[in-house]
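Student: Could you take me through one part of this structure up close? I'd like a slow, careful look.

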Amino acid sequence: MPAEDDYTRRSQLEAELRPAFIARWAKIAARTKSSLVFVHSHPGRAAPEFSRIDDAGEEVLAHFFRHRTPDLQHLALVVSDGGYACRYLGSDRHLRLIAVGDDRRVLFDPSRSHDPSDLYDRQVRAFGRAGQSILQSLRVGIVGLGGTGSLAVQQLAHLGVKEFVLVDPDDVELTNLNRLAGSASADTGQAKVAVAERYIRAVQPRAVVTSFQENVVFVETAKKLRDVDVLFCCTDSHGSRAVLQQLAYQYLIPCIDIGTVIAVKGGKITHITGRAQMLSPGLACLTCGGLLDGNEVRRDMMSEAERKQDPYLVGAREPAPAVISINSTITSLAITMFLSAVVGVPSPARHLLYDGLRSRLRSVKGEPVQDCIVCSRAGVLARGDGLALQGRLAQNVNR
């Protein structure tokens with residue numbers, strides 16, 4: 001942050017930095033290959049816009065940096081009590097902006113919001129018009145459209161989310177129908193993404209839905225999720241969870257991971273557990289918590305032929321018990337966590353564990369491992385396109 005003597009002039013209406021201060025930071029940027037973000041504030045409670053004074057000042061800065069750091073992109077950020085706006089320095093190219101506050105609330109660019117209709121009157125009474133408009137502006141990615149993913153689609157569509165990216169490689173099978181929200185017996189053989197898209201359009205006729213009947217463990221499929229605002233991980237494989245958590249931390253996309261387990265022994269239920277966990281900067285990842293099995297990740301990254309040839313992989317996976325009421329309980333907790341993060345519902349937990357046999361719900365606060373290979377600065381955190389995503393490489397990603 002500039003010191004007082006780093007300004008040539010500074011008042012409530014304008015500020016100008018000394019050339020020596022700019023030159024010093026240009027050298028640092030060039031040496032470390034880092035982008036600079038020039039931040040200033042505007043008065044008032046309205047969402048800020050860049051002024052003509054901002055335009056003129058940035059034009060000079062942009063010209064200077066094009067010569068001093070030609071291979072780097074620099075940004076300008078303006079904030080006010082009403083929000084913020086961000087663009088490439090000296091241009092009119094605005095950027096999508098997401099911030100995660102100390103209270104783990106995710107703040108989205110207010111310039112993309114929509115005026116809510118009377119359809120959402122009861123929600124506006126809870127979240128306010130600003131909260132509802134945020135919901136309607138989000139682009140949400142859902143990976144896995146089975147037991148929990150189909151329920152997430154259902155709830156998000158009714159909440160007013162209008163843009164979705166859906167990913168699932170599978171078709172509907174007869175044994176899916178007991179827990180696949182929005183499905184009917186006639187859907188057997190249809191793509192799960194198609195069933196989910198049909199439900200969204202029935203609730204939101206003008207929704208923008210992009211569907212991929214592909215497996216997210218393939219790198220090219222995972223890349224298609226880089227520009228969503230929020231992710232829901234609703235898969236049941238360790239490999240897909242490994243890919244999605246890397247995507248979440250590498251591209252700073254808040255991701256809520258959902259999982260349920262029903263254990264049966266001797267014909268009796270011994271455990272009913274569920275987990276909803278946010279993966280976001282400052283929060284422990286699945287690797288920190290020891291929730292990913294390395295052998296299972298390796299298995300998921302193999303082709304079917306490779307699995308058959310591997311001497312360490314024995315037998316096929318047995319289908320796990322699944323009940324729609326348990327899925328609904330955990331998915332609802334995850335959606336409430338999402339509402340807390342984006343519209344401020346006062347529910348601060350970001351990692352919840354459910355014990356169905358004891359009817360208990362508890363919040364967990366796991367500490368990130370200092371040099372974690374995923375969620376720390378020593379790992380993939382905020383690396384963006386500067387680091388390759390891990391996953392399978394294949395030309396045909398349709399399974």
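Student: How do the residues of the lining of the largest cavity divide into nonpolar, polar and charged? And could you then have a good look at helix α1 for me?

Tutor: Sure, and keep in mind that this is a predicted model. The lining of the largest cavity splits into five nonpolar residues, one polar and one charged. Its members are Leu 145, Ser 150, Leu 180, Ala 181, Lys 192, Val 195 and Ala 196. Helix α5 (residues 192-203) gives the largest share of that lining, with three residues. As for volume, the largest cavity comes to about 30 Å³, and a search of the whole structure turns up one cavity of 30 Å³ or more.

Now for helix α1. It runs over residues 19-32, which makes 14 residues. From its first C-alpha to its last it reaches 20 Å, close to the 20 Å expected at 1.5 Å a residue. Look at its side chains next: Phe 21, Ile 22, Ala 26 and Ala 29 are buried. They sit on the same side of α1 because they cover an arc of only 135° around the axis. Here's the handy background: an α-helix has 3.6 residues a turn, so residues three or four places apart point the same way. What covers the buried residues of α1? The cover includes strands β2 (15-17) and β3 (37-41), along with helix α2 (52-68). Turn to the other side of α1, and you find Ala 20, Lys 27 and Arg 31 exposed. Finally, just after α1 ends, Lys 33 takes a positive phi of about 55°.

How values were computed
Residues numbered from 1 in each chain as written. Predicted model: local features only at pLDDT ≥ 70, side-chain atom pairs only at ≥ 80, totals over all residues. Heavy atoms only, no water. Helix = DSSP H or I, 4+ residues; strand = E, 2+ residues; numbered from the N terminus. Expected span 1.5 Å × (residues − 1). Buried < 20%, exposed > 50% of the residue type's maximum accessible area, 1.4 Å probe, protein only. Arc of directions from axis to C-beta. Contact = heavy atoms within 4.5 Å. 1 Å grid on protein atoms, 1.4 Å probe; cavity = no way out; pocket = protein on both sides within 12 Å on 5 of 7 lines; lining within 4 Å. Points joined across faces, edges and corners; volume = space filled by probe spheres on them. Nonpolar A, V, L, I, M, F, W, Y, C, P; charged D, E, K, R; others polar.
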